[in-house]
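This briefing sets out the main computed features of one structure, grouped by topic. Please consult the sequence and the coordinates alongside the text.

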Amino acid sequence: MNQESRPDECPVCGADVPDGAAACPECGSDERTGWSEAARYDGLGLPDDAFDYEEFAGREFGGRAPRRRHDRFWWVVAVLVLLAWVWFLAR
Ligand SMILES: [Zn+2]
């Protein structure tokens with residue numbers, strides 16, 4: 001699943017990392033230690049499922065995480081209410 005995030009070169013020591021390798025053969029870096037940072041920069045704005053927005057926001061904004069999930073929830077509610085209203089008027 002994470003094979004695509006594996007770099008061709010180890011970002012830590014620069015050694016070639018063979019296809020399918022789970023870790024750098026030179027320095028032993030793997031997705032948990034070494035190159036997960038580099039992979040994150042490559043996929044800027046497109047984090048994988050394990051990405052924790054709350055934790056990220058907490059780090060970025062000093063603990064005052066914007067409540068983005070709730071914003072999205074209320075958007076859905078607003079759209080549903082609007083649709084129901086239009087349906088009611090169109091009868
Ligand atoms: Zn290495």
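In this predicted model, Cys10 is buried, with a relative accessible area of 2%. Cys10 is also one of the residues that coordinate the zinc ion, together with Cys13, Cys24 and Cys27. The points below take up the metal site, the segment around it, the fold, a surface patch and the confidence of the prediction.

**Zinc site**

- The zinc ion is bound through the SG atoms of Cys10, Cys13, Cys24 and Cys27, at 2.2 to 2.3 Å.
- The angles among the four donor atoms run from 106 to 115°, and the site is tetrahedral. This assignment follows because four donors count as tetrahedral if all angles lie between 85 and 135 degrees.
- For reference, the ideal angle for four tetrahedral donors is 109.5 degrees.
- Along the sequence, the donor residues follow the spacing C-x2-C-x10-C-x2-C.
- Two of the donors can be set side by side in terms of cover: Cys10 is buried at 2% relative accessible area, whereas Cys13 is partly exposed at 39%. Cys10 is classed as buried because its value of 2% falls under the 20% limit.
- Cys13 and Cys27 are separated by 14 residues in sequence, while their C-alpha atoms are 6.8 Å apart in space.

**Segment before α1**

- Cys13 belongs to the segment before α1, and Pro18 is placed there as well.
- Ala23 also lies in the segment before α1, a helix that covers residues 36-42.
- Ala23 is partly exposed, with 29% relative accessibility. The C-alpha atom of Ala23 is 8.8 Å from that of Cys10, although 13 residues separate the two along the chain.
- Pro18 is likewise partly exposed, with a relative accessible area of 43%. Between Pro18 and Asp8, 10 residues apart in sequence, the C-alpha distance is 7.2 Å.

**Fold and burial**

- The chain contains three helices and zero strands, in the order α-α-α along the sequence.
- Of the 91 residues in the chain, 14% are buried.

**Nonpolar surface patch**

- Leu82, Trp85, Val86, Trp87, Phe88 and Leu89 form a nonpolar surface patch of about 730 Å².
- Val86, one of the patch residues, is found in helix α3, which covers residues 68-90.
- Val86 has a relative accessible area of 46% and is partly exposed. Val86 is not classed as exposed because its 46% does not exceed the 50% limit for that class.

**Confidence**

- The mean pLDDT of the chain is 73, and 62% of the residues reach 70 or more.
- Confidence is highest in α3, at a mean of 88, and lowest in α1, at a mean of 52.
- Where pLDDT is low, the predicted coordinates should not be read in detail.

Notes:
Residues numbered from 1 in each chain as written. Predicted model: local features only at pLDDT ≥ 70, side-chain atom pairs only at ≥ 80, totals over all residues. Heavy atoms only, no water. Donors = N, O, S within 2.8 Å, 3.2 Å for Na, K, Ca; no water. Tetrahedral: all angles 85-135°; square planar, octahedral: opposite > 155°, others 65-115°. Buried < 20%, exposed > 50% of the residue type's maximum accessible area, 1.4 Å probe, protein only. Patch = residues over 30% accessible without salt bridge, like charges linked within 9 Å, V, L, I, M, F, W, Y side chains within 5 Å. Areas by Shrake-Rupley, 256 points an atom, 1.4 Å probe, with all protein chains shown as cover. Salt bridge = Lys/Arg side-chain N within 4 Å of Asp/Glu carboxyl O. Helix = DSSP H or I, 4+ residues; strand = E, 2+ residues; numbered from the N terminus. pLDDT = per-residue confidence, 0-100.
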